Amino acid sequence: MSETTVYLVTGSNRGLGLGLVTRILEKHDHAFVYAGARNPEKAQPLQNLQAKYPNRISVVKCVSADVEGNTALAREIEKRHGRLDTVIANAAICDTTGDVSNISVPLLEEHFHVNVTGTIVLFQAVYGLLKKSISPRFVPISSSVGCLDSDSIKHLAGGLAYGASKAALNWATRKIHFENEWLVAFPLSPGATDTDMLRGNVAADTTGYLEKLYGENTSVPTVEAVSSSLINIIDKSTRDNDGGRFIHVDGTQIPW
Ligand SMILES: NC(=O)c1ccc[n+]([C@@H]2O[C@H](COP(=O)([O-])OP(=O)(O)OC[C@H]3O[C@@H](n4cnc5c(N)ncnc54)[C@H](OP(=O)(O)O)[C@@H]3O)[C@@H](O)[C@H]2O)c1
């Protein structure tokens, strides 16, 4: 009998996180998924997956940067499985409003709290569980806007809080790679995906830049298609090929 692969995906009640959990369960008969959500009891799509795949998914509370909560979750996983094989740090927020000269400081701090500190707190909590895996992977979902060459830096009105937090996330993930020789760790960029996040940003952008790229008359990749590509990349990833690199959904490497 094949050994179970144990996954944890954060921010999985909707959007890409939900797509990733769905794809893992569809693709791997022997996977068990801890599906993180801020409000598990209200995560109906995850409850539906639980009904479809009894005994293969546990819907768990996971709030970004909540040290006690993340530690308690790790303890729960330790009791049931004793290890984690693949952790996908997907939860994030994205508000593209505000220029550097006028951005709201609480908004900026919230992005760093959720997108950067949240991922580091998660890594600290799951560190011991990953160490017990024979094939450990820690993969934060980043964004190409975190690349210093990104067009977004030049064109988007605002985007500072999100872009700068993803750039910091990339840095932290590369640091995790260098600090832990036993681990496969790399930031993974999904590219534009048809989720609440992208739709919200298109609606909020008054410059017309995002509407032109991802608006009504464009075809934006679906959650299903992107999730399938991301899971392929994650499952095949190795320290030599992917570790410490910034990988795009099409498998290419993005410059920092
Ligand atoms: N969609 C795109 O085009 C795109 C492009 C590049 C990168 N990405 C990245 O892909 C990932 C998924 O994005 P998405 O498009 O699926 O976004 P989304 O539809 O807005 O979903 C975000 C998820 O993160 C969760 N979340 C937000 N704040 C949280 C917190 N403080 N604690 C725990 N969970 C929290 C949300 O939970 P609630 O439901 O409770 O709010 C939700 O499950 C993100 O890392 C994003 O930056 C997306």
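## Polar contacts with the ligand

A polar side-chain atom of Asn13 lies 2.6 Å from an oxygen atom of the ligand, in what is a predicted model. Arg38 likewise places a polar side-chain atom 2.6 Å from a ligand oxygen atom, whereas for Asn90 the contact is made by a backbone N or O atom, which lies 2.8 Å from an oxygen atom of the ligand. Taken alone, the ligand exposes 900 Å², and the protein buries 92% of that area.

## The surrounding shell

The elements that give two or more residues to the shell around the ligand are α1 (15–27), α6 (160–179) and α7 (196–204), with α7 providing the largest share, three residues. In total, 27 residues surround the ligand, and the closest are Asn13, Arg14, Arg38, Tyr162 and Thr195.

By residue class, the shell around the ligand divides into 13 nonpolar, ten polar and four charged residues.

## Cysteines

The count of disulfides in the model comes to zero. Why is Cys94 without a bond to the closest cysteine sulfur? The sulfur of Cys94 is 16 Å from that of Cys147, which is too far for a bond, because a disulfide requires a pair of cysteine sulfur atoms within 2.5 Å. Cys147, correspondingly, is in no disulfide, the sulfur of Cys94 being the nearest cysteine sulfur to it.

Both cysteines can also be described by their accessibility, for which buried means under 20% relative accessible area. Cys94 counts as buried because its relative accessibility is 18%, and Cys147 counts as buried because its value is 6%.

Note on methods: Residues numbered from 1 in each chain as written. Predicted model: local features only at pLDDT ≥ 70, side-chain atom pairs only at ≥ 80, totals over all residues. Heavy atoms only, no water. Near = heavy atom within 4 Å. Polar contact = N/O pair within 3.5 Å; in protein donor to acceptor, adjacent residues only side chain to side chain. Areas by Shrake-Rupley, 256 points an atom, 1.4 Å probe, with all protein chains shown as cover. Helix = DSSP H or I, 4+ residues; strand = E, 2+ residues; numbered from the N terminus. Nonpolar A, V, L, I, M, F, W, Y, C, P; charged D, E, K, R; others polar. Buried < 20%, exposed > 50% of the residue type's maximum accessible area, 1.4 Å probe, protein only.
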